[in-house]
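Student: I should like to understand how the descriptive terms for a protein model are justified. May we work through some of them one at a time?

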Amino acid sequence: MPDRPSNAPPGSAARPEHPRRGARCPICGRPVVPAHRPFCSPRCRQADLGHWLSGSYAIPGEPVAERDPDLED
Ligand SMILES: [Zn+2]
């Protein structure tokens, strides 16, 4: 095993420090506040979470197929 901590952050996963200029809150459309990005406020952050929990968001992608036990190695 390499002698590095397992929780070392990947070096290439740098994220932009600031939202794009003119970025808008996906909930209410107001300008994004960096402290709350990608939302404009804690309230909108909670609203977004609520959408996820209530299933309002449709996640694009293939449906999860049920695993066929015969295909397991
Ligand atoms: Zn908002």
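Tutor: Certainly. Please keep in mind that this is a predicted model. Let us begin with cysteine 28, which has 12 C-beta neighbours inside 10 Å.

Student: Why is cysteine 28 called exposed?

Tutor: A residue is exposed if 12 or fewer other C-beta atoms lie within 10 Å of its own. Cysteine 28 has 12 such neighbours, so it counts as exposed. It is placed in the segment before helix H1, which covers 42-54.

Student: What makes cysteine 40 buried?

Tutor: The cut-off for a buried residue is 20 or more other C-beta atoms within 10 Å. Cysteine 40 has 21, and it is therefore buried. Cysteine 40, too, has its place in the segment before H1.

Student: Why is arginine 37 called partly exposed?

Tutor: Partly exposed lies in between the two cut-offs, 12 or fewer for exposed and 20 or more for buried. Arginine 37 has 16 C-beta neighbours inside 10 Å, so it counts as partly exposed. This arginine lies in the segment before H1. Its C-alpha atom is separated by 7.9 Å from that of cysteine 25, although the two are twelve residues apart along the chain.

Student: Which residues does the UniProt annotation "binding site" cover?

Tutor: According to the unreviewed UniProt entry, the annotation covers Cys25, Cys28, Cys40 and Cys44.

Student: How do you know that they gather at one spot?

Tutor: They span 20 residues in sequence, yet no two of their C-alpha atoms are more than 8.1 Å apart, so they gather at one spot.

Student: Which contacts do these cysteines make, leaving aside neighbours within four places in sequence?

Tutor: Two residues are in contact if their C-beta atoms lie within 7 Å. On that basis, cysteine 28 is in contact with Cys40 and Cys44. Cysteine 25 has contacts that include Arg30, Val32 and Phe39. Cysteine 40 touches several residues, among them Cys25, Cys28 and Pro31.

Student: What makes up the largest nonpolar core?

Tutor: It has five residues, namely Cys25, Val32, Phe39, Cys40 and Cys44. Members of such a core must be buried, and cysteine 40 meets that condition with its 21 other C-beta atoms within 10 Å.

Student: How many of the residues in the whole chain are buried, as a percentage?

Tutor: Buried residues make up 7% of the 73 residues. The chain has one helix and zero strands. Among its contacts with a separation of 6 or more, 0% join residues 24 or more positions apart.

Definitions and conventions: Residues numbered from 1 in each chain as written. Predicted model: local features only at pLDDT ≥ 70, side-chain atom pairs only at ≥ 80, totals over all residues. Helix = DSSP H or I, 4+ residues; strand = E, 2+ residues; numbered from the N terminus. UniProt positions renumbered as here; feature names shortened; annotations may be inferred. Core = buried A, V, L, I, M, F, W, Y, C linked by C-beta atoms within 7 Å.
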